[in-house]
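Please read the sequence and the model below, then use the briefing that follows as a guide to the domains and the metal site.

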Amino acid sequence: MNWFSRVRNAMPFIARQDNSPDNLWHKCKACGEMVFAKEFEDNLSVCPKCGHHERIGSAARFAMLFDDQLWEELPSPVVKEDPLKFRDSKKYADRLKAARAANVGNDALTNALGRIKSHKAVVGVQDFAFMGGSMGMAVGAAFIAGTERAIAEKCPYVIFTAAGGARMQEGILSLMQMPRSTVAITRLHAAGLPYIVVLTDPTTGGVTASYAMLGDVQMAEPNALIGFAGQRVIEQTIREKLPEGFQRSEYLLEHGMLDMVVERKDLRDRLGSVIDYLMAAKAAA
Ligand SMILES: [Zn+2]
């Protein structure tokens, strides 16, 4: 923050304006270029200079996905909070409070019901801004609620993954969300409904090891980091240098782990076609 902003912020009687110099520009994390914030936003938070796909939250995702920008946000299931009364450098309860105060939602996974290219769909979006998108009981419960709503609505469940892994503050209870979410997907399949995964940057750890890799169709945004363990951990374990672009969408596509890499601007159309195809196949069956 520059001197001017600091002084201005210290004087509450000065009217705040959204077009203050700090908010006018966006600096790309990949190429470092400065872009007008408005231009960046209009470009779906993708850098117009280098194509870097910035991480986005659930509201922005829903707005660019659903027909007429209309959707119904589904309620977050209530779960027991902080069951282990965990603390490291901070109390887990305080970390939760801080994440909620930052206004990114009640927990890391938010579901919404709407239409994509006129096809009904329940869409879940994991928000990396909420404690690294980590999977705890709330995320597991929201995932299950999303699949259950999809079954009730007889429509697909689409999940946008983003996570640093399981929420370690919940210990074994976070890891239990791996089999729980897997069972929920089995139920969706038993109802003959598609489960579609869109991997976004970054998707790692227990999320990759469970519901992020079980899609009927596996999509990813360009250059997203996707993996289980981190690159350095793997290099130290196998004592070998890993290839260029390892754990990125394009590398995973080349090695058969993904069906397609789709740019953000094309996601809505592509999801529409995939749902159209899969639901037509279900109707024919
Ligand atoms: Zn850039």
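**Two domains and a metal site**

About 620 Å² is buried between domain 1 and domain 2, and carbon and sulfur atoms give 59% of that area; buried area is the accessible area (1.4 Å probe) that two parts lose on being put together, summed over both. This is a predicted model, in which local features need pLDDT of at least 70, side-chain atom pairs count only at pLDDT 80 or more, and totals for chains, interfaces and linings use all residues. Residues are numbered from 1 along each chain as its sequence is written, and side-chain values use heavy atoms, with hydrogens and water left out.

**Domains**
- Domain 1 covers 24-54 and domain 2 covers 55-284, with bounds from an automatic or database domain assignment.
- The contact (heavy atoms within 4.5 Å) takes 5 residues from domain 1 and 8 residues from domain 2.
- The centres of the two domains, taken over C-alpha atoms, are 24 Å apart.

**Interface**
- Leu44, His53 and Glu54 supply 88% of the area that domain 1 buries against domain 2, more than any other three residues.
- Between the domains there are 0 salt bridges, a salt bridge being a side-chain nitrogen of Lys or Arg within 4 Å of a carboxyl oxygen of Asp or Glu.

**Zinc site**
- Cys28 (SG), Cys31 (SG), Cys47 (SG) and Cys50 (SG) coordinate the zinc ion at 2.2 to 2.3 Å; donors are N, O and S atoms within 2.8 Å of the metal (3.2 Å for Na, K and Ca).
- Along the chain, the donors of the zinc ion follow the spacing C-x2-C-x15-C-x2-C.
- The arrangement is tetrahedral because the 4 donor atoms subtend angles of 106 to 112 degrees; four donors count as tetrahedral if all angles lie between 85 and 135 degrees.

Note on methods
Four donors count as tetrahedral if all angles lie between 85 and 135 degrees; four count as square planar and six as octahedral if opposite donors are over 155 degrees apart and all others between 65 and 115; anything else is irregular.
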